[in-house]
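Dear colleague,

Please find the structure below, handed over for your further work. My findings follow directly after it.

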Amino acid sequence: MLKPNGNYRNLKESYLFHHISQKVEAYRAAHPDLPLYRLGIGDVSRPLCGEAIKALHAAVDDQADTRTFRGYTPECGIPEFRQAVAGYYARRNVQPDPDEIFVSSGASDELGDILDLFDVSSSALITQPAYPAYIDASVMAGRKVSFLNAGPGNDFLPMPQADTEADLIYLCSPNNPPGAVYYREQLQDWVDYANSRGAVILFDAAYEAFIEEDLPHSIYETQGADRCAIEICSLSKTAGFTGTRLGYTVIPKSLEREGMNLNAMWVRNRTTKTNGISYILQKGGIAVFTDTGLKQIQENIRAYKENARVIMQALDAAGIRYWGGRNAPYVWMACPDGMKSWEYFDLLLNEAQVIGTPGAGFGECGEGFFRLSSFGNPEDTKIAAERIRKLAKGE
Ligand code: PLP
């Protein structure tokens, strides 16, 4: 008799963005003439860079001609794409072999799929507040999940304690939602911890391109990470590929557990469960990693960072404490006057027509905090930031 995957019964209702849109729609229906200012989105708003667009068009043309047409591509990535990513790492003195790089449809897909490599008895340790997909993918797979809480006391960068139990460890840096970035020494401690107990770190580097200070972009900037870490990356926020879909995952060849090689296992997984990623998209990705492409994506990132600066300036002027913003596209603020995060959401919507994301939606220890995104357009961001300031000052 067929049985559905009962683990789905253990998923918590995922109502954050649904609940936000319900509230926003109700407000809009009641106040159709008032403009709304959105600082809630995690999606990008600027188009793909010129180099990527040129390469995507050229790749479409390749598919129109028998001489250049490409059918199936190698499942783990076309060699040129894997080399381009390896070259991107080499700029930071990390030297992965192209065979250690796997193309993907984006980080979300990989964060769930990669769990195939680990027995279901391996538990997952997740730092909270967290990107919700970490928890849900582990619960769907029937894994035990435990949490390590982040908060102002650890600058939203939790570290393992002597009694921390973990098999799989999700780390995200710069993290979403608090926008905090681990120092090199902290990442080294995590790597040493993982190696000392045979754990594996799943390192989500989706926002690495936003780092501007001297902080690690990759977990492989530490010693020994090639024996305990998988890095999951995406062109979504780096290069505006949220709707185009492309990413990559690094699995070192030296990563082994119980005599099984995780890189070889992932080759086997991809060659079984995928037939590769679109040739056209990979050509677009290769163009992102050229000198010109990298310069162009930095222009987009600079524009988002200018938005973050405007938001941080307004919070400074209002005397509101916040984290992130400097090396990440998110500013994570403490709700004024000890308000709860949904209370502040309602206040901001009703009194200032500004939409943000309540911290409680990212886990219990997100309560009392609020996420503001820098991915919106500059004019709206300026107006929204000024409204947040005025509301806090009672002007
Ligand atoms: N990881 C984090 C921390 C994210 O915030 C997001 C998207 O918001 C993703 C991964 C997903 O990225 P992708 O678009 O590559 O699936």
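How many of the five residues of β6 are buried? Five of five are, so defined by a relative accessible area under 20%, with exposed meaning over 50% and partly exposed in between (1.4 Å probe, protein chains only). Helices (H or I, at least four residues) and strands (E, at least two) are DSSP runs, numbered from the N terminus.

Please note that this is a predicted model, in which local features need pLDDT of at least 70 and side-chain atom pairs count only at pLDDT 80 or more, while totals for chains, interfaces and linings use all residues. Residues are numbered from 1 along each chain as its sequence is written, and side-chain values use heavy atoms, with hydrogens and water left out.

The sheet

From β6, Val200, Leu202 and Asp204 point one way, whereas Ile201 and Phe203 point the other way. Strand β6 runs parallel to β5, and five bridges join the two; one of the bridge partners is Ile201, which is matched with Ile169.

Both strands belong to an open, mixed sheet of seven strands, ordered β2-β8-β7-β6-β5-β3-β4; two strands pair if DSSP finds at least two bridges between them. Because β2 and β4 (145-149) stand at the edges with a single partner strand each, one side of each lacks a neighbour in the sheet. From one strand to the next, the twist averages 25 degrees. Axes here are lines fitted to C-alpha atoms, for helices over the stretch in contact, and angles run from 0 to 180 degrees between N-to-C directions.

Strands β7 and β8 (residues 247-250) run antiparallel and are joined by four bridges, with Cys233 opposite Tyr248 in β8. Helix α6 (residues 184-197) packs on the sheet, where it touches β3, β4, β5 and β6 (contact: heavy atoms within 4.5 Å). The direction of α6 makes about 170 degrees with that of β5.

Helix α8

Helix α8 (residues 262-273) has 12 residues. Its buried residues are Leu262, Asn263, Trp266, Asn269 and Arg270. They lie on the same side of α8 because they cover an arc of only 115 degrees around the axis, taken from the directions from the helix axis to the C-beta atoms. Arg268 and Thr272 are exposed on the face turned away from that buried side. Among the elements covering the buried residues of α8 are β2 (101-104), α4 (107-113) and β7 (229-234).

The loop at Gly368

Gly368 lies in the loop between β14 (357-358) and β15 (369-373). Its contacts, not counting residues up to four places away in sequence, are Met333, Ala334, Cys335, Met339 and Ser341.

Yours sincerely

Terms used: The expected span of a helix is 1.5 Å times one less than its number of residues.
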